[in-house]
Amino acid sequence: CTSGGTAPASTSRSIVVEWPYEESVGDVFNRKSSSDSSGAQLMLSLPPNTFPPLSTYAFIARVSYSNQPDSAVDMKFDVKFDKYRAPGLSISAPHLSSSSCPLPLRAVALVTWIPASADAIIVFDWSCYRLKEGATVDEQELVSLLVTDKDQATSFLDGCGGEELSQSYTSSIAKENIDVRTIEGDTLSPGVYYFRVTASLQDGPTEISEQATAAKKVTVLSVDQMQYPIIAFSRIPSSASATRTIEAA
């Protein structure tokens with residue numbers, strides 16, 4: 001403290017925070033920087049898709065006074081980036097069908113973000129199962145079980161072939177990705193069938209998103225069991241935009 005005099009002027013010193021970061025690939029670090037990640041920032045904010053999924057980056061918070069840049073202090077921390085979240089997925093098919101009629105199956109995967117890689121694709125995989133004779137299980141609950149616990153669900157089911165479902169379907173990423181399959185008439189014998197589909201994003205051989213799963217039950221009747229024409233809507237949306245075309249089939 002001073003008395004009877006004027007307090008000395010304090011030296012103005014602003015804090016500068018820089019945010020260099022580097023990718024860890026094995027023992028090699030590839031240093032990167034961004035014009036948006038340096039300067040007097042106490043927080044680092046980068047746009048989505050700056051970092052690819054399944055990568056690990058080391059971030060450095062480098063703090064110094066503006067008039068003492070050579071006395072910077074570094075704090076380093078690692079961040080691992082996980083897979084993208086699973087796409088939204090739905091499956092539609094008639095609840096009831098005749099064994100002599102074609103059976104249409106339709107899967108829709110919704111992607112609300114654009115992957116960082118331009119080579120990313122969405123992959124659909126289908127499976128077909130037939131309820132075992134004499135199986136004692138709630139048929140509708142089995143649909144949910146096929147999504148949450150496939151191994152337990154398939155203990156009540158037999159596999160059913162079908163060349164139409166044996167191949168994966170891939171497409172480039174769009175907001176709405178659709179895979180349509182048709183099982184021709186006289187392919188499935190009468191019985192209770194379950195169709196399971198998964199969808200995920202892949203970049204080359206690497207799966208870069210969590211996997212979405214959906215399932216549907218279809219009862220197939222013989223021609224002799226049909227007392228009346230089968231009428232079933234395969235897909236009626238519960239809500240829709242006023243500017244979107246509504247489809248039903």
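**Close-up views of a predicted model**

**View 1. Arg130 and Glu133 form a salt bridge.** Their side chains come together at 3.5 Å, N to O. Glu133 sits out in the open here, since its relative accessibility of 69% makes it count as exposed. As with every view below, keep in mind that this is a predicted model. Searching the whole structure turns up 5 salt bridges, and two others get their own views.

**View 2. Arg181 and Asp179 make a salt bridge between buried residues.** The N to O distance for this pair is 3.1 Å. Is Asp179 buried or exposed? Asp179 is buried, because its relative accessibility is 2%, and the cut-off for buried is under 20%. Arg181 comes out at 8%, so Arg181 also counts as buried.

**View 3. Asp74 and Arg62 join up across two strands.** This salt bridge has an N to O distance of 2.8 Å. Asp74 belongs to strand S5 (residues 68-81) and Arg62 to strand S4 (residues 55-65), so the pair, 12 residues apart, ties together distant parts of the chain. Both ends are partly exposed: Asp74 has a relative accessible area of 44%, and Arg62 has 22%.

**View 4. An open sheet is built from 3 strands.** The strand order is S6-S8-S12, with antiparallel pairing. Strand S6 (88-92) and strand S12 (176-183) are the edge strands, each pairing on one side only. On average, neighbouring strands in this sheet are turned by 15° against each other, direction ignored. Zooming in on one pairing, S6 and strand S8 (residues 103-110) run antiparallel over 5 bridges. Which residue of S8 is the bridge partner of Gly88? That would be Leu110.

**View 5. The largest nonpolar core gathers 29 residues.** The residues with the most contacts inside this core are Leu89, Leu105, Phe124, Trp126, Phe195 and Val197. At least two core residues come from each of S6, S8, strand S9 (121-131), strand S13 (191-203) and S15. Which strand gives the most to this core? S13 does, with 5 residues. A second core of 11 residues lies apart from the largest one, and its members include Leu131, Leu145, Leu157 and Val192. For background, nonpolar side chains tend to be buried together in soluble globular proteins.

**View 6. Phe195 has contacts with residues from many places along the chain.** Leaving out neighbours within four places in sequence, the contacts of Phe195 include Ile91, Leu103, Leu105, Leu165, Ile183, Leu188 and Val218. Ser127, Cys128 and Lys216 are also in contact with Phe195.

**View 7. Gln211 sits in a loop between two strands.** The loop runs between strand S14 (206-207) and strand S15 (212-221). Gln211 is partly exposed, with a relative accessible area of 43%. Beyond residues up to four places away in sequence, Gln211 touches Ala86, Thr198, Ala199 and Ser200. Gln211 and Tyr84 are 127 residues apart in sequence, yet their C-alpha atoms are 9.5 Å apart in space.

**View 8. Two stretches have pLDDT under 50.** For the chain, the mean pLDDT is 80, with 76% of residues at 70 or more. Residues 1-12 stay under 50, and the model gives them 1 contact beyond four places in sequence. Residues 33-38 are also below 50, with 11 contacts beyond near neighbours in sequence. Where pLDDT is low, the predicted coordinates should not be read in detail.

Key. Residues numbered from 1 in each chain as written. Heavy atoms only, no water. pLDDT = per-residue confidence, 0-100. Contact = heavy atoms within 4.5 Å. Pairing = 2+ DSSP bridges. Helix = DSSP H or I, 4+ residues; strand = E, 2+ residues; numbered from the N terminus. Axes fitted to C-alpha atoms, helices over the stretch in contact; angles between N-to-C directions. Buried < 20%, exposed > 50% of the residue type's maximum accessible area, 1.4 Å probe, protein only. Core = buried A, V, L, I, M, F, W, Y, C linked by side-chain atoms within 4.5 Å. Salt bridge = Lys/Arg side-chain N within 4 Å of Asp/Glu carboxyl O.
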